[in-house]
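Colleague: Could you take one part of this model and go through it closely, strand by strand, and then set it against what surrounds it? I would like a connected account rather than a list.

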Amino acid sequence: MTTTTPVSPRALLWARRRQSLARSWAAYRSQRTGMIGLVLLGTIVILAVCAPILIDESALSVTQATGGRMAPPSAEYPLGTDEVGRSVLALTLWGARLSLIIGLTATLVAILIGTTVGVTSGHLGGWYGWIALRVSDWFMVLPSLVVAIALLAVLGRSMSTTILVIAMVSWSGTTRLVRAQTLTVQSRPYLERARALGAGHWHQMTKHILPNVLPLVLASATLLVPSAILMESSLAWLGLGDPSVVSWGSILNRASSNGAVSAHAWWYLLPPGLAILLVVLAFMMCGRALEAVFNPRLRGEQG
Amino acid sequence: MTDSSSPVDGASIEAPSAGRPGGRVSSGFGRYLLKHVGGAAVSLLLVLFSSFFIFRLIAGDPIDQLTKERPVSPEQRAAMRAELGLDQPLWQQFIDYITGTLTMDLGESFQYRRPIFDLIVERLPATLLLSGTGMVLAVLLGFWIGTRSGWKQGSRYDKGHVATGLLLYSAPTFWLGMIVILVFARYMGLFPVNGMRSPSTPPDFWSQSVDIGYHLVLPVLTYTAVVYAGYLMIMRSSILDEIGSDYLTTARAKGLRDDEVRDKHAVPNALLPTVTLVFLALGSVVNGSIVTEAVFSWPGLGRLFVQSIFYPDRPVLQALFVLFSSSTILAVLCAEILYWFIDPRIRRS
Amino acid sequence: MTLLEFKDLHVTYTGSRGRIPAVRGVDLKVEAGRTIGIAGESGCGKSTLAMAVLRLLPKTAEVSGQILLNGEDLLQMGWGRLRAVRWTGASIVFQGAMHSLNAVHRIGRQVAEPILLHEKTTPAAAAKRAEALLERVGLPASRMRSYPHELSGGQRQRVMIAMALACDPELIIADEATTALDVMVQAQVLQLISGLVTERGVGLVMISHDLSVLSSVCDEAAVMYAGRVVEQGPAHEVFANARHPYSAALGAAFPVIGDPAARKRPGGLAGDPPDPVRLPDGCSFRPRCAVAVEHCAEESPLLLPVPIRGSASVAAGGTARSSACFVAQEGEPVVVGR
């Protein structure tokens, strides 16, 4: 009989996780829409990150603008200029950073709240669980834009309030999902064993429930980011965004309040909106592909 | 599984409690109704509480805002406070607020100095016209395409329509509106740029109606384009759920054509869960109508809401917040009631 | 003329696992007014055979060969002609009628539907006929307005039978029609079917995994295994005196109530049906066969007439006995100890 070096449980755990990750990646890769979405997303993120390298931030300065007023595209300004003479290309490129940051941060906060409420509600149950669920359902029913506008109207306009408000209207979507998954995990035998061995609530929730819930949360997050970006752009367009920052929504806000539509300034209107569309589309494609990874029944649907 | 049965997303609608004897439907329904009406009442109360919380507590003293344009003496301020009931203790203000809302006394607009109730009544028809038309069209279009898409899953028709729907769904509504205005109103001059009426129209009913209809085209087009995709996907997935079913094989065996099998057998079965989902999607309808009215300057409640933001006309914001939120809560209640009539027929077997 | 004839029928499913042969060359005849039962375990291809008749198989199924209904090849028919023949020439009684009936249509409407589809008649007249059909199968006319979920399993199966009779077909295919029913109800439904067959002179193809059911209703039986017919003959004889080891095992699996010997006879068969993608060499039953000889691994036996030991001659029953077993074809016993 050969003797084998004992492998630690941690090493086993990580080996298993790597394997399942590889499997998930293979399943994801097999879907065309998912890959297209990923590539699109990657491109946009890279462009956003490299914005300072590509175009100097001074291009956003109102005082240093040199282009004509809402001038159509030219060699010098490939996407034309806005009402103060800034390059629309520069605006759109830099706008990506903020739109993405706000969208991602808001989603992160929403996921944090939603997952916490979902896991605790499912695990602890009882009065708290019931109330948490009802509150979450209540949040979900309310029209998100209405609540967001109402909150921003009284809280004032800044990047942090925008992020907070978007998170407030988005968190409840995750909760039910997470709670359902928590209940499923709860019923599994190894959790019973953990409890018998004296594992406290915190340990159970973080070491056992959370790892099983996170993949689902990831898939749901991928679909939450686009709605956060859309919401941010709508709020900014309505004039409720941070006035000192450039996001795609704020560009369009300035465009419409300065008569871009009546001036037929399509170069001013098209790029920021298309950018939003592409980012949202990319996230949705990735999100659908991710959903199919976790729900094999959907896999045949993709390309 | 005995916890909350408030169906908020389609996937989590829970069937009414089991154990109902076959014939005695009415008592079961009574209990079901009571439970869900009670739930809705609590939700509505929560809405009132949060609107109070947001617009009185967070927002701060409205007197400053009301008097920002002119200097006022302390006595006048005190008088104004008394008039608005702000000198009362907080809980008293809350009670007054609730009773006021329930009796349709929604206060006065800061901006217009008119009862908010009147403002709402004036603008409600415009909103209903736009949202109603848009929603009906979106539902019809979405269901029509969704049915055929799901039936022929994976075909070019299906892939094309799902892709188109996804694309339109990804576009920000306000942006789409602006582009639509740019192309159809500015460039092509086919439709009016914004608003609901042209001032130069003759006052007779027919001319007025045509004028309004003419103005309605672009907003409804925009609204429907963004919203229909959701209904498409709902119907498509409902049809997909029916596709492998045995009763469809029976129908085919009887000699029905493929489209007859789809329309006479699959669609009625698929429609049942779908209808409740339509009610549950009212939140996005409200969101969409606010933005659409803003883009097209359509004189409805959504536009009023947006206009009130910057004044800021707090009473109006508050009243509309309550109105919009309540409508979605009531829509969910309708879905739950509808579900009672639909569900037992299928599930009780 | 033969009512229904399968000629060298092959059905292959193409799926993610490649090509899966479900029916591998079946020749079968059904005469008007006669009943034939097709028996076998799940996966042997009997349901596929049934669905193939009216071309109800999914698009992933490749069908070759011929299925002749009164001489007309159903597989070559145009869609229009096929739809006309469906239900009027041949109809099907499906199993598990809860899912085979449309949950949101009333019973009366579902029974009348094929009548309205295939004949020029008014809804009122069709409803009257539907009512008569329901009464013939033992359901009160009040059931016309019921929904499927309001009926019991046995009642739903009667509805399926009434529905199958709606257009006076010449052939009825009953696909596991009594499988989901409990024994008492099953007996009633079988009696009903027998009665109707005699009364109307229709041809009946009855599909079941229960040989005892088939032996009580059918004139003839065909046993299928791995997509082929392995034994054929008068139903009662195939059940009581099998000439193929598989049929013997199938018959033994359902002990006859009241037969004391049955309690002592070991029932059941070891092993599983073969994977259709990886069939064994030679006879596909060989891995589970107790009487296999060397030859069985080399060649796949054809369905050939077999001599019957110690029983009435072929002429008496009128139906030939055939078996796809080398051992049986030699005249040797197919069951150990008999």
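Modeller: What follows starts from one strand of chain C and then turns to another sheet and to the neighbouring chain. The model is a predicted one, and every statement below should be read with that in mind.

The part I would look at is strand S10 of chain C, residues 228-234, in which seven of the seven residues are buried, so that the strand is largely enclosed by the rest of the structure. A residue counts as buried here if 20 or more other C-beta atoms lie within 10 Å of its own. Strand S10(C) pairs in the antiparallel sense with strand S9 of chain C, residues 220-225, over six bridges, and within this pairing C:Tyr225 stands opposite C:Arg228. The two strands make a hairpin with two residues between them, where C:Ala226 takes a positive phi near 50°. Strand S10(C) is also joined by two bridges to strand S12 of chain C, residues 322-323, again running antiparallel, and there C:Gln232 has C:Ser322 as its bridge partner. As a general point, the side chains of a regular strand alternate between the two faces of the sheet.

Elsewhere in chain C, four strands form an open sheet in the order S2-S1-S4-S5, with antiparallel pairing. Its edge strands, each pairing on one side only, are S2 (18-30) and S5 (72-73) of chain C. Strand S1 of chain C, residues 4-15, and strand S4 of chain C, residues 61-69, are held in register by eight antiparallel bridges, with C:Gln66 in S4(C) as the bridge partner of C:Lys7. Helix H1 of chain C, residues 46-53, lies across S1, S2 and S4 of chain C and runs at about 70° to S2(C).

As for the neighbouring chain, the contact between chains B and C takes 18 residues from chain B and 22 residues from chain C. On the side of chain B that touches chain C, the elements giving two or more residues are helix H9 (246-253), helix H10 (258-280) and helix H13 (314-347) of chain B, and the largest share, six residues, comes from H9(B). The residues on that side of chain B divide into five nonpolar, seven polar and six charged. Chain B itself has 13 helices and zero strands, and 38% of its 349 residues count as buried. Among its contacts between residues at least 6 apart in sequence, 75% join residues at least 24 apart.

How values were computed:
Residues numbered from 1 in each chain as written. Chains lettered and ligands numbered in written order. Predicted model: local features only at pLDDT ≥ 70, side-chain atom pairs only at ≥ 80, totals over all residues. Buried ≥ 20, exposed ≤ 12 C-beta atoms within 10 Å, placed from the backbone. Pairing = 2+ DSSP bridges. Contact = placed C-beta atoms within 7 Å. Nonpolar A, V, L, I, M, F, W, Y, C, P; charged D, E, K, R; others polar. Axes fitted to C-alpha atoms, helices over the stretch in contact; angles between N-to-C directions.
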